[in-house]
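Welcome to a short set of exercises with worked solutions. Have a look at the model below, and then try each task before you read on.

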Amino acid sequence: MSFPKGFLWGGATAANQYEGGYLSGGKGLAVADTLTGGDGIHNIPRKFIVELADGTRATFGGRDEIPAGAKAIVDPDTYYPSHVATDFYHHWKEDIALFAEMGCNVYRLSINWTRIFPNGDDETPNEEGLKFYEDVFKECHKYGIEPLVTIYHFDCPLHLANEYDGWVSRHTLEAFERYCDTILTRYKGLVKYWLTINEININTNFMMNGVHEHISNKQNAEQCRWHLFVGSAYAVKKAHEVDPENKVGLMIAHGASYPYSCNPEDVWAEVESAHNMKWFYGDVQVRGYYPAWKVNYLKREGIELKKEPGDDELLREGTVDFYSFSYYSSQAIAAHPEKLGESAGNQTHGVKNPYLQASEWGWTIDPLGLRIVLNEIWDRYQIPTMVVENGLGAIDKVEEDGSINDDYRIDYMRTHIQTMKDAVEIDGVDLMGYTPWGFIDVVSAGTGEMRKRYGFIYVDMDDDGNGDLSRSKKKSFGYIQKVYKSNGEDLD
Ligand code: BG6
């Protein structure tokens, strides 16, 4: 047997892309609730409507810098995909039953911070929100499904973003610590697997972390990162104190990256890119301190992190139990990328790799890259690892008879699970589990689209909010069920 007994097979979602019920049960607004839809194939970004300091309105792209003092708003005449999303809030029992039928023994979901603390920094938590997740976790256990909970997944409370510049501010970190105390204590015994900050290496911008000036102001970007690291370490330490049985992982977008050629300049460009994009975040959360190159960079740039006494110690004490990451694609890195053609990816960009095909959204499809990444993580850190996101975003066609024949997705899953298996069986990587992304259709984080679907379960909802939200099984549902029920032995 290649996958160990008790291997965790499941799927992953995030509250802001799946839950809907954006103001139900006492929930407050998060930044994600102010993001419009976009169109990834035609490169039309998601947008924010903001009120500027002088009271006028302006529109910005999701990844743009937003002027200091501007406040994102919900405009009554604009469509916001997260407000209903695919409505887990009203379908959770039905959906969890489907996950069980699929053969899942783990379900990765995130808690929406603003369901617990509507403004992020309220004095007392919202009991209705706490109860909602308690019921969800109990329902999972009914079927022998272990919840794997992401504490923070792209859902900075809007109040903290608008009034405090999000994670640039110590105030946001302190509010986050209170939020951690509340959920870790409340769900003791119900949840034992936790992830701290989703894709901590992806951007410091308003969309992800409520930061206004994150490009022109490097100090802001680095301060935001520092607070995220301290917040993550706090969560790990607290989780261990609350219950020594808790296991806590980091969460990094960790695609494969290759030098474009054997020209040492390309090789070095890849080393620098991997430092900046991946290893910095892994090193801090696994080893507990900033690597030398980063310390030198901060000095060179004249950036002085504002720290409180005890922060450095906390970073060392709050190192993670396992290395969990998202893997979708790979990128080729060149020292001189001009003229080589850009390739899209999980919010990172390299140049086109002539050896690989790409998805409709331009994300390269590279199953062997997953084995490469699993090996590099295991070789570097020697702690258990887990693939907590992986999958193919594609346009699905519903046939007359209602069937959805997503063989392209089955191919993607088969080839990626095979390389995971090779990593375990041949390379000896300590892999704990696999939770493919959006195993039920959810709103795309990057583009706000519904048509970019990852699920094995289809949800009737389109890019404009039309659809009855009914659930149906795609062909891939049967495939993944067979894989899960055979503990990864039957991949044909
Ligand atoms: C990761 C995120 O970036 O990739 C998810 O953790 C996201 O939230 C997923 O949905 C896929 O990206 P996208 O843009 O296709 O939704």
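## The ligand and its surroundings

A polar side-chain atom of Asn198 sits 2.9 Å from an oxygen atom of the ligand. Accessible areas here come from the Shrake-Rupley method with a 1.4 Å probe, and for residues only the protein chains shown count as cover. This is a predicted model, in which local features need pLDDT of at least 70, side-chain atom pairs count only at pLDDT 80 or more, and totals for chains, interfaces and linings use all residues. Residues are numbered from 1 along each chain as its sequence is written, and side-chain values use heavy atoms, with hydrogens and water left out.

**Exercise 1.** Find how many residues surround the ligand, and which are the closest.

*Solution.* Step one is the count: 16 residues surround the ligand, where a residue is near a molecule or strand if one of its heavy atoms lies within 4 Å of it. The closest of them are Gln17, Glu199, Glu389, Lys452 and Tyr454. Step two is to look at individual atoms. The side chain of Glu389 has an N or O atom 2.7 Å from a ligand oxygen. For the side chain of His153, the corresponding separation from a ligand oxygen is 2.8 Å. Step three is the cover: on its own the ligand has 380 Å² of accessible area, and the protein covers 99% of this.

## The barrel

**Exercise 2.** Work out the strand order of the barrel and the sense of its pairing.

*Solution.* Start with the ring: eight strands close into a barrel in the order E1-E5-E6-E7-E8-E10-E14-E15, with parallel pairing. Strands (E, at least two residues) and helices (H or I, at least four residues) are DSSP runs numbered from the N terminus, and two strands pair if DSSP finds at least two bridges between them. From one strand to the next, the twist averages 30°. Angles run from 0 to 180 degrees between N-to-C directions, and axes are lines fitted to C-alpha atoms, for helices over the stretch in contact.

Now take one pair: E8 (residues 247-253) and E10 (residues 322-326) are parallel partners over five bridges. Gly249 stands opposite Phe322 in E10. Finally, add the helix: H9 (residues 264-287) lies across E7 (193-197), E8 and E10, at about 165° to E8. Contact means heavy atoms within 4.5 Å.

**Exercise 3.** Explain why strand E5 is described as largely enclosed by the rest of the structure.

*Solution.* First check burial, where buried means under 20% relative accessible area, exposed over 50%, and partly exposed in between (1.4 Å probe, protein chains only). Five of the five residues of E5 (residues 106-110) are buried, so the strand is largely enclosed by the rest of the structure. Next compare the faces: Val106, Arg108 and Ser110 are buried on one side, and Tyr107 and Leu109 are buried on the other. Then look at the partners. E1 (residues 8-12) runs parallel to E5 and is joined to it by three bridges, with Gly10 opposite Val106. E6 (residues 146-152) is also paired with E5 in the parallel sense, over five bridges. Here Leu109 has Val149 as its bridge partner.

## The open sheet and a loop residue

**Exercise 4.** Determine the strand order of the open sheet, and which strands lie at its edges.

*Solution.* The open sheet has three strands in the order E3-E2-E4, and its pairing is antiparallel. Its edge strands are E3 (57-61) and E4 (71-72), each pairing on one side only. Between E2 and E3 there are five bridges in the antiparallel sense, and Glu51 stands opposite Arg57 in E3.

**Exercise 5.** Is Thr34 buried or exposed, and which residues is it in contact with beyond its neighbours within four places in sequence?

*Solution.* Begin with the location: Thr34 lies in the loop between H1 (15-18) and E2 (47-51). With a relative accessible area of 0%, Thr34 is buried. Leaving aside neighbours within four places in sequence, Thr34 is in contact with Lys47, Phe48, Ala72, Ile73, Val74, Tyr80 and Leu158. To finish, a polar atom of the Thr34 side chain lies 2.7 Å from the backbone oxygen of Val31.

Definitions and conventions:
Polar contact = N/O pair within 3.5 Å; in protein donor to acceptor, adjacent residues only side chain to side chain.
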